[in-house]
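Subject: Structure for your records

Hello,

Here is the structure you were expecting. My notes on what was found in it follow below.

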Amino acid sequence: AQPAEQTQDPPPPPAFSAKEQEFYDWLKTLGGNKPGIMLMYFDALKHQFNSDLEQLKGSVISDKLEKDGSMADTIEPNLWVSCGITKPLHKMMLAKAIRRLAGK
């Protein structure tokens, strides 16, 4: 039997700034039982928010979840579109993480 193929996170580019490294490290922690899965959005999020977690916090548009609403609805809808995030589970994980980051 062949050993199971192990997936590894893509290595960060060598020229990461401190801000980019912090953003990368934060994103890498997301994904529940698949840590690092959210790194697929790193380039888009980095470009959209200049690797600035403070700017990312500003994408929270609602303090509370509406009845029958989605966690993703509490985040500026343009984030999902501009970063190409279409999977509902990924939106939920990222929305929860952004809200946690913003203290919501």
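**What was found**

Lys96 is partly exposed, with a relative accessible area of 39%. Lys96 sits in helix H5, which covers residues 88-101. Its C-alpha lies 9.5 Å from that of Ile75, although the two residues are 21 places apart in sequence.

Please keep in mind that this is a predicted model. The mean pLDDT of the protein chain is 85, and 83% of its residues reach 70 or more. In the protein chain, confidence is lowest in H1, with a mean of 91, and highest in H4, with 94.

**Helix H5**

H5 has 14 residues. From first C-alpha to last, H5 reaches 20 Å, close to the 20 Å expected at 1.5 Å a residue. The buried residues in H5 are His90, Met93, Leu94, Ala95, Ala97, Ile98 and Arg99. H1, H2, H3 and H4 are among the elements that cover them. Just after H5, Gly103 takes a positive phi of about 75°.

**The core**

Which residues of the largest nonpolar core touch the most other members? They are Trp26, Leu27, Leu45, Leu56, Leu79 and Leu94, out of 27 residues in that core. At least two residues of this core come from each of H1, helix H2 (42-49), helix H3 (53-57), helix H4 (77-82) and H5. H5 gives the largest share, five residues. As background, nonpolar side chains tend to be buried together in soluble globular proteins.

Trp26 touches Leu53, Leu56, Leu94, Ala97, Ile98 and Leu101, leaving aside residues up to four places away in sequence.

**Helix H2 and the loop after it**

In H2, Phe42, Leu45 and Phe49 are buried. They lie on the same side of H2, because they cover an arc of only 70° around the axis. In general, an α-helix has 3.6 residues a turn, so residues three or four places apart point the same way. The face of H2 turned away from its buried side carries the exposed residues Asp43 and His47. The cover over the buried residues of H2 includes H1, H3, H4 and H5.

Asn50 comes just after H2 and takes a positive phi of about 55°. Asn50 belongs to the loop between H2 and H3. Ser51 is found in the loop between H2 and H3, and has a positive phi of about 55° although it is not a glycine. For reference, most residues other than glycine have a negative phi.

Is Ser51 buried or exposed? Ser51 counts as buried, because its relative accessibility is 3% and the cut-off for buried is under 20%.

**Glu20**

Ser51 is one of the residues that Glu20 touches. Not counting residues up to four places away in sequence, the others are Ala15, Phe42 and Lys46. Glu20 is in helix H1, residues 18-28. With a relative accessible area of 18%, Glu20 is buried. A polar atom of the Glu20 side chain lies 2.8 Å from the backbone nitrogen of Ser17.

Regards

Key:
Residues are numbered from 1 along each chain as its sequence is written. This is a predicted model: local features need pLDDT of at least 70, side-chain atom pairs count only at pLDDT 80 or more; totals for chains, interfaces and linings use all residues. Side-chain values use heavy atoms; hydrogens and water are left out. Helices (H or I, at least four residues) and strands (E, at least two) are DSSP runs, numbered from the N terminus. Buried means under 20% relative accessible area, exposed over 50%, partly exposed in between (1.4 Å probe, protein chains only). A polar contact is a pair of N or O atoms within 3.5 Å; within protein, one must be able to donate a hydrogen and the other to accept it, and residues adjacent in sequence count only if both atoms are side-chain atoms. Contact means heavy atoms within 4.5 Å. A nonpolar core is a set of buried Ala, Val, Leu, Ile, Met, Phe, Trp, Tyr and Cys residues joined through side-chain atoms within 4.5 Å. The arc is that of the directions from the helix axis to the C-beta atoms. pLDDT is the predictor's confidence in each residue, from 0 to 100. The expected span of a helix is 1.5 Å times one less than its number of residues.
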